[in-house]
Amino acid sequence: MAEDTPERRPPLFDQCVIALVQSNLLSANTISEMANLIRENGGEVLEPNRKGQLRIHEATHIISNTIDFEEYNEATAMMIPVVNASWFRSTLHRNKVAQVRPYSPDPRMIFSSVNLTCADIPDTDKESIIGATLALGGMESKDLTRLTTHICALSMDHPKCVEAQKRGLKCKIVLPHWFDDCFRLGKRIDEAPYLLPDPEILRKGADEDVVIPSSQHLAGATSAVPQMAMPEKSSGRPKLVVFSQKKVMLSTDLNINNRLRKMLADLIMGGDGEVTDSVDECNMFICHYRDGPQYIRAAQAGKDVGNLAWLYHLIVHNQWTSPTRRLLHYPIPRDGIPGFENLKITLSNYGGDARIYLENLITAAGATYTKTMKADNTHLITARMHSEKCEAAKDWNIEIVNHLWIEESYAMGEVQPLTNDKYKHFPPRTNLGEVIGQTFFDERRLAELYYPGGEDKLDATAKKKRKIKEAAQANVYAVETADRNFDVMKDSSPAAAKANKQSKATKVTARNIVTPAKSRHVASGKENTTPSVASTGSRSAKAAAMSKLHNLAPDIALYEKEKKRTKDGTGPWGGKRAADQIDRERAARSSSPAARRGDPDEDDQEAEEEERTSRRPAKRAKMSLPDVEMRICLTGFKRWVGDKHKEDADKKKLRSMGIQLVQETQPCEYLAAPYMVRTMKFLRCLARGPEVISSDFIEACLETGKLQDPADFILKDKENEKRYGVGIDTIVSRARANRGRLLWGVPVYCTADINNGVDCYQAIAEANGAIFKVYRARSGTTIKPTKPEEDGNAPPEPVYLLTSQSAAEKALWPKFEDMARNGNMEPRVVVSDWLLTVAMKQELSFDPKFLARIWFSNNPE
């Protein structure tokens, strides 16, 4: 057999089909570099489908630094590995495809970044620690390597610890107590108190003060009702892309006024989304309570159901996240959680956002929160076991628990038993506020309690989406509960405990199916049953009627006066003549069958007709235009050049067919052009991913006078497709996947004297999410000087300068390059064709031929 020589060895990413997911944690520049390296090493970068979605079924790996992308559930259901960027770097470093398990971005895999080796640990403890670490996403190696992140040891005397210090490795040497505390809580706490050679847990007492930490998981999730002001549209704000190609429904149970509702709708539509009143059509359903037919319908159909706080979070962070990932992003139960109604709960040792979050969570669960503690309190939730309240609670026999009890009770929809050790575990030198807000909802449990059944009412798409969610949830918990037979992990997850007690789960399910919605509360007749902008109480209705009657009083008086005018028939129209005609018409209507039946609707129509007739004479009805069926952005069209009258006439004709021509800044479903033109309008509109059709469609509609099928006019431009090396179908798919984030976070500077002006390049760059600035070598456009150490020794990010070749612009090139290098960035002085090509291909790439010095030397004027 021939040897496997380097020449015959298959490429590193051979047979790998890899999808890359852009996010705030994985920049467009990084994705561009990774894509090039994947292709160079024999792999394939997976293009999105026509809808801009990941083609999950074709992928072998998905690289994402977060689970906050919409196809994550489908990937989990199909068991496609989702890994972070460290997997890619490790593969390149080792020249071998790395394992996928240790590189999961799922925060529930708390040891996903841990590479463990054990030192002087007893064998039984070593087996438990290694088994639990592997089950929660970590890796273990017998020997100390450069990839080792943690050494578990009892002292610094072991050869592994000595070698790590001698070689200057960055691994952490921790006591086994750290692993034990993490296993008991099911959360990863900070290693600092456990670090050798001088661990804080052995040096300080448990009763000494500990700094209250800030929690990074509570940003925008401390309350179900957002307390911050809604950010309005601003020229300085990045483009809102999170609602692109989405339909959002705002429920009537949201306690917001018309002004705020309109502001939210404007933000959604300004971000290329739509606001709808149909549950079946929407992608996102926003409501306050988890009950009512609309909520049940949306949840059963697999829609993204969240509350107003979740909507605010999407707007502020401009990135999609699941509403079930944070407890107060999901609609709250109207009557709380069963079992909490008689509980009085107080807090200790929590501060800042964590305290606000727990106060709101206690209230949402249906319990009573008390700021001070008295003997009638039932529970004390504390982050540490040492405070005045803790001492008093022991004397008064008040239950002392950590926040995991209230979080998991709320997530599971029932009070969790206090016999679970994790709820009463308090590491001695840790404030548990650092792991608050990390509990997820179990969607299967939500379905059991609040929207059971409904499969017979779902269409094929909704059924598929629901099955994907169920399979994803099952796979997540299968991973979480695997290899957890050791004692330290027993009962660490309420979901796992329920899986082992099937009979109990069945009993709970049956009980809750009987009353999926709190109809008892709805039928109570109280005025505050369903908060709404407009009151439905009888008192407000009477006030509105009296106000309307008061406003009509002058008209009634004038009508009575006109009735008394001239009795002959020669007077002007009005008065007796008008009154007599109205009386005759009224008499004729009263003889109709509807009037004899006393139809209330008919009476209302008569009153309205009488009011209108007495005020003004009837007008001839205008011809109404048909609804808009197609919104088209048209560019490069020659038919109307120099003939404004013909353009206006043709636009009216198109509008009568249901076609509306819009500007590139407005929402549209179609982009029409004779070919792939590099105009500002074409490239700016293309970033939103509309269907690209030929402008022959407009010609055909005008010539035939009938609306044509746009599918027959899909744009075909073989010449330009060959020039750019990509087909129009692929470009549109990329644009829909990018959602205006092609250049997200990429700094693009432009000289003030560039050919064709700054405005057109600014519009194209910002339509694709770039940070655009005009460079004049002044203080307002400089990059802050930064040393590599301040950037964590990360490789320099590229920064671009668009330029032409005038003498004044060439003089700016060296200044720009010096500014970029001083800011630990890689300067790239490029011609405008680089931006136009990137925007046309909808792929961030870089070819040295676009560098200004090379371009102008090869293309002299």
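Contact is taken to mean heavy atoms within 4.5 Å. By that criterion, Tyr295 touches Phe285, Cys287, Tyr289, Arg290, Val305, Tyr330, Pro331, Tyr450 and Tyr451, residues up to four places away in sequence not being counted. The model is predicted: local features need pLDDT of at least 70, side-chain atom pairs count only at pLDDT 80 or more, and totals for chains, interfaces and linings use all residues. Residues are numbered from 1 along each chain as its sequence is written, and side-chain values use heavy atoms, with hydrogens and water left out.

The protein has 861 residues, and 48% of them count as buried (under 20% relative accessible area; exposed is over 50%, partly exposed in between; 1.4 Å probe, protein chains only). Its secondary structure comprises 32 helices and 24 strands. These are DSSP runs numbered from the N terminus, helices being H or I of at least four residues and strands E of at least two. The exposed area is about 44,200 Å², of which carbon and sulfur atoms supply 50%; areas come from the Shrake-Rupley method with a 1.4 Å probe, and for residues only the protein chains shown count as cover. Of the contacts between residues at least 6 apart in sequence, 68% join residues at least 24 apart.

Tyr295 also belongs to the largest nonpolar core, which has 88 residues. Such a core is a set of buried Ala, Val, Leu, Ile, Met, Phe, Trp, Tyr and Cys residues joined through side-chain atoms within 4.5 Å. Tyr295, Ile381 and Tyr410 touch the most other members. Helix H11 (residues 353-365) gives the largest share, 7 residues. A second, separate core holds 59 residues, including Val692, Cys750, Tyr800 and Val829.

Aromatic rings were paired when the centres of Phe, Tyr or Trp rings (the six-membered ring for Trp) lie within 6.5 Å; planes under 30 degrees apart count as stacked, over 60 as edge-to-face and the rest as tilted. The count is 21 aromatic pairs. Phe637 and Trp640 are an edge-to-face pair, 5.0 Å centre to centre with 80° between the planes. Phe637 is buried at 14% relative accessible area. Trp640 is buried at 10%. One aromatic cluster consists of Tyr295, Tyr330, Tyr410, Phe441 and Tyr451.

An open sheet of 4 strands has the order E18-E17-E19-E20 and parallel pairing (two strands pair if DSSP finds at least two bridges between them). Strands E18 (659-661) and E20 (691-694) stand at the edges with a single partner strand each, so one side of each lacks a neighbour in the sheet. The twist averages 35° from one strand to the next. Strand E17 (residues 630-634) is joined to E18 by 3 bridges. Ile632 has Leu661 of E18 as its bridge partner. Helix H25 (residues 696-704) lies across E17, E18 and E20, at about 120° to E17. Axes are lines fitted to C-alpha atoms, for helices over the stretch in contact, and angles run from 0 to 180 degrees between N-to-C directions.

Two helices are largely enclosed by the rest of the structure. In H6 (residues 176-185), 7 of the 10 residues are buried: Pro176, Trp178, Phe179, Asp181, Cys182, Phe183 and Leu185. Their cover includes strand E5 (115-118), helix H4 (123-135), strand E7 (150-152), strand E8 (172-174) and helix H13 (403-412). Just after H6, Gly186 has a positive phi of about 75°. In H31 (residues 832-841), 10 of the 10 residues are buried, among them Asp833, Trp834 and Lys841. Gln842, just after H31, has a positive phi of about 55°.
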